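Here is a short round of questions and answers on one protein model. Look at the sheet first, then the helices.

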Amino acid sequence: MSTRVIVEADGGSRGNPGAAGYGAVVRDAADGRVLAECSDGLGETTNNVAEYRGMIAGLNAALELGAAEAEIRLDSKLVVEQMSGRWRVKNPALQPLAAEARRLVSRFTSARFEWIPRERNKHADRLANEAMDRQGDGADSVAEAGSTVPTGAAAPAEPTEPATVTGTAAVTGTAGTDSAPSGVASWSGAVGAPTRLLLLRHGQSPMSVDKRYSGRGDVPLTELGRRQARAAAGRLLTMDELVPEEGAVPVLSSPLRRARGTAEAVATAIGGQLVPHEGLVETDFGAWEGLTFTEAAQRYPELHRSWLGDPAVTPPDGESMNAVFERIDEVRNRLLRDYAGRTIVLVTHVTPIKALLRMALGVGPELFYRLHLDLASLSVAEFYPDGNASVRLVNDTSHLRGI
């Protein structure tokens with residue numbers, strides 16, 4: 001079999017909520033052969049829950065077959081739009097299902113969601129109906145999977161969205177849960193809409209494997225680093241803040257390859273706009289570039305010892321922590337002006353992220369030496385127009401579990 005598959009899935013309920021079931025089909029993308037079928041009854045639940053369950057069953061079946069690439073075809077506009085990151089998952093009953101689906105998607109090297117008309121989804125539709133039939137729900141007629149039989153004034157499980165799907169949306173995998181709207185302002189006294197910075201450190205590079213000083217050296221991601229980038233992209237895809245009100249979400253990146261490769265995965269997943277930004281480069285370690293910590297300490301014992309506690313000390317031909325802080329402060333001021341009140345993604349390096357967190361916390365340079373940030377970790381800082389700031393997340397690596 002090809003490692004590329006097509007997953008077709010559907011779900012429905014007879015009543016909303018009512019007796020529900022799902023069906024899913026996995027096909028070989030090369031020739032359309034059916035590789036697997038699955039269906040099951042779900043007892044009493046809603047139409048939208050059944051649609052998500054069908055998709056999850058199809059994703060699991062594809063992974064069990066060893067598929068690496070998947071095209072997921074659904075006749076539910078709601079599920080396609082939510083999984084593509086264009087609509088928010090507002091219904092609490094669907095949020096854990098969406099998170100589970102995104103974790104499964106993250107295990108593929110690539111995945112793509114496509115809305116299709118119901119007429120093109122008849123196989124999965126039939127399986128879903130058969131699953132509902134087996135439950136003996138007592139309905140007088142067989143409902144089309146994905147439709148509901150009215151039972152009084154039952155409300156839809158999710159508000160109807162005005163948009164329609166055209167074409168497809170690429171998704172490279174996700175993990176995590178939806179982020180709740182910020183309530184910080186009411187407790188801190190901050191006034192106005194904050195500019196929210198989602199701070200993502202790049203994935204693993206060969207220099208980080210060997211624990212070497214890696215500043216301006218332009219090294220690529222390792223294979224693990226690319227997986228970390230996809231997982232981080234998936235984590236960001238689950239965040240409500242990244243459903244844009246207007247236009248694509250800006251994804252600003254250090255121009256160095258390890259950061260840009262991570263940013264490309266993010267931009268692809270969320271449909272963001274990739275913007276290289278020279279100001280987001282890592283510290284210039286000068287003569288220490290490429291050395292391990294021990295090597296630098298042995299070659300420059302006094303200078304290295306001083307550098308570890310004094311932000312004014314500069315590595316030979318390099319850049320001091322104070323210089324980095326000043327550089328990043330200028331970057332931040334420009335970003336707050338250019339993207340005021342918006343959420344933006346910054347894909348960068350350890351020291352720039354520490355500098356931004358230091359600014360948001362309003363603390364001294366000790367933070368540079370006491371805060372640890374993992375590869376591909378996510379932190380979140382908000383800056384308000386009245387000068388207040390808030391740190392909402394630091395060094396989140398929940399999306400990296402199992403990779």
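Q: Which residue in β10 does L197 stand opposite?
A: This is a predicted model, where local features need pLDDT of at least 70, side-chain atom pairs count only at pLDDT 80 or more, and totals for chains, interfaces and linings use all residues. Residues are numbered from 1 along each chain as its sequence is written, and side-chain values use heavy atoms, with hydrogens and water left out. Strands (E, at least two residues) and helices (H or I, at least four) are DSSP runs numbered from the N terminus. Opposite L197 in β10 stands I344.

Q: How many bridges join β7 to β10, and how do these strands run?
A: Two strands pair if DSSP finds at least two bridges between them. Strand β7 covers residues 195-201 and β10 covers residues 343-348. They run parallel, and the bridges joining them number six.

Q: Which strands are at the edges of the open sheet?
A: Six strands line up as β9-β8-β10-β7-β11-β12, with mixed pairing. An edge strand here pairs on one side only. That describes β9 (273-276) and β12 (389-396).

Q: What angle does the direction of helix α8 make with that of β8?
A: Helix α8 (residues 257-270) packs on the sheet and touches β7, β8 (250-253), β9 and β10. Contact means heavy atoms within 4.5 Å. Axes are lines fitted to C-alpha atoms, for helices over the stretch in contact, and angles run from 0 to 180 degrees between N-to-C directions. The angle is about 175 degrees.

Q: Is R258 buried or exposed?
A: R258 is in helix α8. UniProt, in an unreviewed entry, places a "binding site" feature there; such annotations may be inferred rather than shown by experiment. Buried means under 20% relative accessible area, exposed over 50%, partly exposed in between (1.4 Å probe, protein chains only). At 1%, R258 is buried.

Q: Which residue has its backbone oxygen 3.1 Å from a polar atom of the R258 side chain?
A: Leaving aside neighbours within four places in sequence, the contacts of R258 include H202, S214, D218, E282 and H349. The backbone oxygen at 3.1 Å belongs to S214.

Q: Why does the end-to-end distance of helix α7 agree with its expected span?
A: The expected span is 1.5 Å times one less than the number of residues. Helix α7 (residues 223-237) has 15 residues, so it should span 21 Å. Its end C-alpha atoms are apart by that value, 21 Å.

Q: How many of the 15 residues of α7 are buried?
A: Helix α7 is mostly covered. Among its buried residues are G225, Q228, R230 and L237. The count is eleven.

How values were computed: A polar contact is a pair of N or O atoms within 3.5 Å; within protein, one must be able to donate a hydrogen and the other to accept it, and residues adjacent in sequence count only if both atoms are side-chain atoms.
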